[in-house]
Amino acid sequence: EPSEGSDCGLDHEAALLAIGGDGRSFGHIWLPDAVLAAGAALRSELQGDGGSNLAFLRRKYPDAVVQVAGEASLAVPPGQRLHLSLLCRDRAMLARMAVDARDLAETAIDAVADHLGLGDDALQAAFDGIRVCTYGLQLEADDEAG
């Protein structure tokens, strides 16, 4: 489990080695600031009972890495706030994973909405405030003579 204060909570180097291949794709599903006040309850809803939500995504995408990272707090810098981290081999898989992870984020937000006192409009605004950021990277060999 990543530490709460980590930038994205994912040991990218170890994860990249684990999934192999030359191309890597990664992404973050950022929870909106408006729901971070739910704190541990929001993190718990993302993870599911005993980590069941993450286990489901890991079974569906066995060659990928999925983690909940960051703090559910406005007191930390934006890059350290609560989000899902995704890492896989290709952009097509990442696109599918991002849809499923966004659905998970919406479900978690919906579960804490009453606790936060969110009405229908505020709930929709929270759904709209979920940010999906995806990136692709191509690794090249370093041919240093030595």
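**Stop 1: helix H5, outer face**

Select Asp 121 and Asp 128. Both are exposed, and they sit on the face of helix H5 that is turned away from its buried side. Keep in mind as you go that this is a predicted model.

**Stop 2: helix H5, buried face**

Now select residues 120-128, the whole of H5. Which residues of this helix are buried? They are Leu 123, Ala 126 and Phe 127. Turn the view until you look down the axis of H5. The buried residues fall within an arc of 100 degrees, so they line one face of the helix. A general point helps here. An α-helix has 3.6 residues a turn, so residues three or four places apart point the same way.

What do the buried residues of H5 pack against? Their partner is H4. Go there next.

**Stop 3: helix H4 and helix H2**

Select residues 91-116 for H4, then add residues 40-47 for H2. The two axes come within 9 Å. They cross at roughly 140 degrees. Is that parallel, antiparallel, perpendicular or oblique? Angles over 145 degrees would count as roughly antiparallel, so H2 is oblique to H4. The crossing of these two helices is right-handed.

Show side chains at the contact:

- From H2, pick Ala 41, Leu 42, Glu 45 and Leu 46.
- From H4, pick Leu 104, Ala 105, Ala 108, Ile 109, Ala 111 and Val 112.

Colour them by class. Nine are nonpolar and one is charged, with no polar residues in this H2 and H4 contact. The charged one is Glu 45 of H2.

**Stop 4: helix H2 and helix H3**

Keep H2 on screen and add H3, residues 52-60. The axes of H2 and H3 come within 5 Å and cross at roughly 35 degrees.

Which residues make this contact? H2 supplies Glu 45, Leu 46 and Gln 47. H3 supplies Ser 52, Asn 53 and Leu 54. By class, the H2 and H3 contact has two nonpolar, three polar and one charged residues. Glu 45 and Leu 46 of H2 take part here, and both also belong to the contact with H4.

**Stop 5: the whole chain**

Clear the selection and zoom out. How many helices and strands does the chain have? There are five helices and four strands. Follow the sequence and the pattern reads α-β-α-α-β-β-α-α-β.

Colour by burial next. Of the 146 residues in the chain, 45% are buried. Finally, look at contacts between residues at least 6 apart in sequence: 73% of them join residues at least 24 apart.

Notes:
Residues are numbered from 1 along each chain as its sequence is written. This is a predicted model: local features need pLDDT of at least 70, side-chain atom pairs count only at pLDDT 80 or more; totals for chains, interfaces and linings use all residues. Side-chain values use heavy atoms; hydrogens and water are left out. Axes are lines fitted to C-alpha atoms, for helices over the stretch in contact, and angles run from 0 to 180 degrees between N-to-C directions. Angles under 35 degrees count as roughly parallel, over 145 as roughly antiparallel, 65 to 115 as roughly perpendicular and the rest as oblique. A crossing is left-handed if the near helix is turned anticlockwise from the far one by less than a right angle, and right-handed if clockwise. Contact means heavy atoms within 4.5 Å. Buried means under 20% relative accessible area, exposed over 50%, partly exposed in between (1.4 Å probe, protein chains only). The arc is that of the directions from the helix axis to the C-beta atoms.
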